[in-house]
Amino acid sequence: MASSLTSAGVVWALLSFLCAAASCVGFFMPYWLLGSQMGKPVSFGTFRRCSYPVRDEARQVMVMLEQCGRYASFQGIPSLEWRICTVIIGLGCGLLLLVALTALMGFCLSDLISRTIGRVAGGIQFFGALLIGSGCALYPLGWDSDEVRQTCSNRSKQFELGSCEIGWAFYCTGAGAAAAMMLCTWMACFAGKRQKPYPY
């Protein structure tokens, strides 16, 4: 099998896959914001949550259900800002994943990645990473929602965490996007081999 990637292109393809995987895993995991409620650990993502209060009808009290899940509906996400984050980070992750999988196919297909296609792919990666970065920057705007305030000792506000802290998934998502923006975009310019002119 002939590859359409240069040596730099091989590194670009592998790095693109790692960046896309880091951003996608971080986006999906509900460990962006960590706090506690009723003595139990609570964590949030943009569209998922772990541990939430439910009413125990037998004892007529509120108890914490310790399990993770998505919100029941898109409107159930605690704030408009987090809904926007979910959409734009999801789009950004989709773009990074699309480019990464295309780059990996360049290992097997000889005419897939040319210099021009590499540069276009780098532009798509830059835009995807920019979307993810924008979503990460918007995320703190949702810290003033009632659900977050209850978890953060009623002291959280926009860009102020109160008693909560940022979780590893937020950093994972942001780091994947930053590496895609700074490294992959640049390396994509050197990823494809020069196409030989076709005799007609």
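This briefing walks through the helices, their packing and a few loop residues of one protein chain. The model is predicted. Two helix pairs get the most attention: H1 with H2, and H3 with H5. Both pairs are described by an angle of about 155 degrees and axes 8 Å apart. Some single residues follow, including the buried Ser23 and the partly exposed Met38.

**Helix H1**

- Helix H1 covers residues 7–28.
- H1 has 22 residues. From first C-alpha to last, H1 reaches 32 Å, close to the 32 Å expected at 1.5 Å a residue.
- The buried residues of H1 are Gly9, Trp12, Ala13, Ser16, Cys19, Ala20, Ser23, Gly26 and Phe27.
- The cover over these buried residues includes H2, H3 and H5.

**Helix H2**

- Helix H2 runs over residues 80–105, which makes 26 residues.
- At 1.5 Å a residue, H2 should span 38 Å. Its end C-alpha atoms are 38 Å apart, so the model agrees with the expected value.
- Which residues of H2 are buried? They are Trp82, Arg83, Cys85, Thr86, Ile88, Ile89, Gly92, Cys93, Leu96, Val99, Ala100 and Ala103.
- Several elements help to cover them. Among these are helices H1, H3 (115–138), H4 (146–151) and H5 (168–188). Strands S1 (33–37) and S2 (40–44) are also included.

**How H1 packs on H2**

- H1 and H2 pack at an angle of about 155 degrees, and their axes are 8 Å apart.
- Angles over 145 degrees count as roughly antiparallel. H1 and H2 are therefore roughly antiparallel to each other.
- The crossing of H1 and H2 is left-handed.
- On the H1 side, the contact is made by Trp12, Ala13, Leu14, Ser16, Phe17, Ala20, Ser23, Cys24 and Phe27.
- On the H2 side, it is made by Thr86, Ile89, Gly90, Cys93, Leu96, Leu97, Val99, Ala100, Ala103 and Leu104.
- How many nonpolar, polar and charged residues does the contact of H1 with H2 have? It has 15 nonpolar residues, 4 polar ones and no charged ones.

**How H3 packs on H5**

- H3 and H5 pack at an angle of about 155 degrees, with axes 8 Å apart.
- That angle makes H3 roughly antiparallel to H5.
- H3 and H5 have a left-handed crossing.
- H3 brings Gly118, Arg119, Gly122, Gln125, Phe126, Ala129, Leu130, Ile132, Gly133 and Cys136 to the contact.
- H5 brings Phe170, Thr173, Gly174, Ala177, Ala180, Met181, Cys184, Thr185 and Ala188.
- By class, the contact of H3 with H5 has 11 nonpolar, 7 polar and 1 charged residues.

**Ser23, inside helix H1**

- Ser23 sits in helix H1.
- Is Ser23 buried or exposed? Ser23 is buried, because its relative accessible area is 0% and buried means under 20%.
- Leaving aside neighbours within four places in sequence, Ser23 is in contact with Cys93, Leu96, Ile132, Cys172, Thr173, Gly176 and Ala177.
- Ser23 is also one of the H1 residues that make the contact with H2.

**Buried loop residues**

- Trp32 is in the loop between H1 and S1. Trp32 is buried, with a relative accessible area of 0%.
- Trp32 and Arg49 are 17 residues apart in sequence. Their C-alpha atoms are 9.5 Å apart in space.
- Ser79 is in the loop between strand S4 (61–70) and H2. Ser79 is buried too, with a relative accessible area of 6%.
- Ser79 and Val148 are 69 residues apart along the chain. Their C-alpha atoms are separated by 9.8 Å.
- Leaving aside neighbours within four places in sequence, Ser79 is in contact with Gly142 and Ser145.

**Loop residues with a positive phi**

- Met38 is not a glycine, yet it has a positive phi of about 55 degrees.
- Where is Met38? Met38 lies in the loop between S1 and S2. At 45% relative accessibility, Met38 counts as partly exposed.
- Ser153 has a phi near 60 degrees, a positive value in a residue other than glycine.
- Ser153 lies in the loop between H4 and strand S5 (165–166). Ser153 counts as partly exposed, at 41% relative accessibility.

Methods. Residues are numbered from 1 along each chain as its sequence is written. This is a predicted model: local features need pLDDT of at least 70, side-chain atom pairs count only at pLDDT 80 or more; totals for chains, interfaces and linings use all residues. Side-chain values use heavy atoms; hydrogens and water are left out. Helices (H or I, at least four residues) and strands (E, at least two) are DSSP runs, numbered from the N terminus. The expected span of a helix is 1.5 Å times one less than its number of residues. Buried means under 20% relative accessible area, exposed over 50%, partly exposed in between (1.4 Å probe, protein chains only). Contact means heavy atoms within 4.5 Å. Axes are lines fitted to C-alpha atoms, for helices over the stretch in contact, and angles run from 0 to 180 degrees between N-to-C directions. Angles under 35 degrees count as roughly parallel, over 145 as roughly antiparallel, 65 to 115 as roughly perpendicular and the rest as oblique. A crossing is left-handed if the near helix is turned anticlockwise from the far one by less than a right angle, and right-handed if clockwise. Ala, Val, Leu, Ile, Met, Phe, Trp, Tyr, Cys and Pro count as nonpolar, Asp, Glu, Lys and Arg as charged, and the others, Gly among them, as polar.
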